[in-house]
Amino acid sequence: MTQHDRLLIIDFGSQVTQLIARRLRELNVYCEIHPYNRVTDSFLSGFAPKAVILSGGPDSVTREGSPRAPEALWSLGVPVLGICYGQQTMMQQLGGLVEHGHGTAEFGRAFVTPTSDSLPILDGWFDEGREQVWMSHGDHVSRIAPGFTVYGTSPNAPFAITADVSRNFYAVQFHPEVHHTPKGAKLYENFVKLAGFKGDWTMGAYRAEAIAKIRAQVGDAKVICGLSGGVDSSVAAVLIHEAIGDQLTCVFVDHGLLRLGEAEQVVAMFRDHYNMPLIHADESELFLGALEGVSDPEVKRKTIGRLFIDVFQKHATAVGGATFLAQGTLYPDVIESVSFSGGPSVTIKSHHNVGGLPEKMGLKLVEPLRELFKDEVRALGRELGLPASFIGRHPFPGPGLAIRCPGEITAEKLDLLRRADAVYIDQIRKHGLYDEIWQAFAAILPMKTVGVMGDGRTYDYALALRAVTSVDGMTADYYPFSHDFLGETMTRIINEVKGINRVFYDVTSKPPGTIELE
């Protein structure tokens, strides 16, 4: 927000640019990511950053027309840190030279050795004589720009760390934002310290500022909030309710694809604990009827998205003329909606949201979480007093169990899935593993298998169990359950859920898979 010191991250298309922002937010520094082709000289002047970071990127500065930082940056008078491609464009633009190939590419782990000179942003580095870093570059700096000094080298990057201290320009060839650079966080801490950031980006401050912003935006108008029961929309609803009280009405749509007892839990929490106006729209017949016979995952998602719009249109009139729609949009959603190159991106899967709803209904958007990452939303939820058990819930997709039921959706399969998933989550909680896992769920597979139970033959459904660790869901690793845990869980599911006779555990990471099955 404008009253905080702001750091600008100029994005050149790196796959890990978001991690830079996360490292800075962890230091209580407010930052924003903007694609290079939108950071004009006038934008730079208006944004008024206290410091700037240039991200990595896939292009080559040796290519004619490749991305560049705005020329006004070099005379802005604020500290600048260039990372990988950011280092290379800094060198090229300030009079150095970058060359392509010639056997100096580095991908993966490398070690940087210090020169005899010291540098403030390297405080705490090189205690053991060298530091592990993560490299990912094909081009290399072959001549540093005038005024720069070398402070660190690696076997294939003789200018791995360079700086012009007099102008507060710093540049590294490696990626300090990834966990493969163990002391990367310390480098960022040193950089923001020398830039003079106060570290005042806290959830307490954000809460007060967001409430004032909501009141100024909404005035005395009415707002409806699409409440899914997930953490994001719930935190948004409580924050907005604190700002405008009964001007807010939440609409909780039960599409018949929720987990066991979920609708009752969500409704009870918001009606009993927060006493906010809530419409519980039981539209399960509508959704399940439209999904009957549908097996294609994209058709499922788009059908559910379309029906959500229909349901909101149906219930919006009940609040007496709402002019705003509240959504739990997060900062990663905002970043990913803008391609750094302006070009098309591949659709892995359609995302369920109500993105087309405001235009169709003539509503304006209220998105109080659009500056926050997921972990910051959880911190804001704690600040607002939401129950810890609710804030810590695993993410649940908008399409619900529809995408955990590959193939055709039937009432029988949904019933089996709900009960099996409840057993699985109970097992995870019983073993004290819930908070170690980002997301865990069961999925019923579109197949039946032969089994033997007692003296009889069975021909029942197979179930897949999934559990992953992650920071923000963009990448994920499967959770390494013990074989004892998996065996015990399988036994409980088959004994307690008649209709399932085989259980698999999914060990696919993301990438190459996605977290959900569809």
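**Exercise 1. Strand β18 and its partners**

Task: Find which residue stands opposite Thr469 in β19, and which strands pair with β18.

Solution. Start at Thr469, which stands opposite Asp477 in β19. The model examined here is a predicted one. Strand β19 covers residues 477-478 and pairs with β18 in the antiparallel sense, over 2 bridges.

Next, take strand β20, residues 500-505, which pairs with β18 in the parallel sense over 5 bridges. Within β20, Phe504 stands opposite Ala464.

Then take strand β17, residues 439-453, which runs antiparallel to β18 and is joined to it by 12 bridges. Thr449 has Asp460 in β18 as its bridge partner. The hairpin of β17 and β18 has 2 residues between the strands, and Gly454 takes a positive phi there, near 65 degrees.

**Exercise 2. How enclosed is β18?**

Task: State how many of the 14 residues of strand β18 are buried.

Solution. Strand β18 spans residues 456-469. Count its buried residues: there are 10 of the 14, so the strand is largely enclosed by the rest of the structure.

**Exercise 3. The nonpolar cores**

Task: Identify the residues that touch the most other members of the largest nonpolar core, and the helix that gives the most to this core.

Solution. The largest nonpolar core has 96 residues. Those touching the most other members are Phe270, Leu369, Leu380, Tyr424, Ile428, Leu463 and Phe481. Helix α6, residues 231-244, gives the most to this core, with 9 residues. A second, separate core has 39 residues, including Cys31, Tyr151, Val192 and Val334. As background, nonpolar side chains in soluble globular proteins tend to be buried together.

Now look at one member of the largest core, Tyr424. With neighbours within four places in sequence left aside, the contacts of Tyr424 include Ala440, Phe441 and Ala442. Further contacts of Tyr424 include Leu465, Arg466, Ala467, Phe481 and Tyr505.

**Exercise 4. Val218 and Arg38 compared**

Task: Decide whether Val218 is buried or exposed, and do the same for Arg38.

Solution. Begin with Val218, which lies in helix α5, residues 203-218. Its relative accessible area is 6%; buried means under 20%, so Val218 is buried. Leaving aside neighbours within four places in sequence, Val218 is in contact with Val223, Ile244, Gln247, Phe324 and Val366. Val218 and Val366 are 148 residues apart in sequence, yet their C-alpha atoms are 8.3 Å apart in space.

Turn to Arg38, found in the loop between β2 (30-35) and α2 (41-47). Arg38 has a relative accessible area of 53%; exposed means over 50%, so Arg38 is exposed. From Arg38 to Ile10 the C-alpha distance is 9.1 Å, with their positions 28 residues apart in sequence.

**Exercise 5. Helix α12**

Task: List the buried residues of helix α12 and the helices they pack against.

Solution. Helix α12 spans residues 374-384. Its buried residues are Lys374, Glu376, Val377, Arg378, Leu380, Gly381 and Leu384. They pack against α1 (17-26), α5, α6 and α13 (388-391). After the helix comes Gly385, with a positive phi near 90 degrees.

**Exercise 6. Cysteines**

Task: Explain why Cys31 forms no bond with Cys84.

Solution. Recall that a disulfide is a covalent bond between the sulfur atoms of two cysteines. The cut-off is a pair of sulfur atoms within 2.5 Å. For Cys31 the closest cysteine sulfur is in Cys84, 19 Å away, which is too far for a bond. The count of disulfides comes to 0. Cys31 is buried, at 0% relative accessibility, and Cys405 is buried with a relative accessible area of 0%.

**Exercise 7. The chain as a whole**

Task: Find how the radius of gyration of the protein chain stands against that of a compact globule with 518 residues.

Solution. A compact globule with 518 residues would have a radius of gyration near 24 Å. The protein chain has 26 Å, which agrees. Its C-alpha atoms fill a box of roughly 75 × 65 × 40 Å along the principal axes.

To complete the description, note that the chain has 15 helices and 20 strands. Buried residues make up 56% of the 518. Among contacts with a separation of 6 or more, 77% are between residues 24 or more positions apart. The accessible surface comes to about 22,100 Å², and 51% of it belongs to carbon and sulfur atoms.

Key
Residues are numbered from 1 along each chain as its sequence is written. This is a predicted model: local features need pLDDT of at least 70, side-chain atom pairs count only at pLDDT 80 or more; totals for chains, interfaces and linings use all residues. Side-chain values use heavy atoms; hydrogens and water are left out. Helices (H or I, at least four residues) and strands (E, at least two) are DSSP runs, numbered from the N terminus. Buried means under 20% relative accessible area, exposed over 50%, partly exposed in between (1.4 Å probe, protein chains only). Contact means heavy atoms within 4.5 Å. A nonpolar core is a set of buried Ala, Val, Leu, Ile, Met, Phe, Trp, Tyr and Cys residues joined through side-chain atoms within 4.5 Å. Two strands pair if DSSP finds at least two bridges between them. The radius of gyration is taken over C-alpha atoms; the globule rule is 2.2 Å times the number of residues to the power 0.38. Accessible areas come from the Shrake-Rupley method with a 1.4 Å probe; for residues, only the protein chains shown count as cover.
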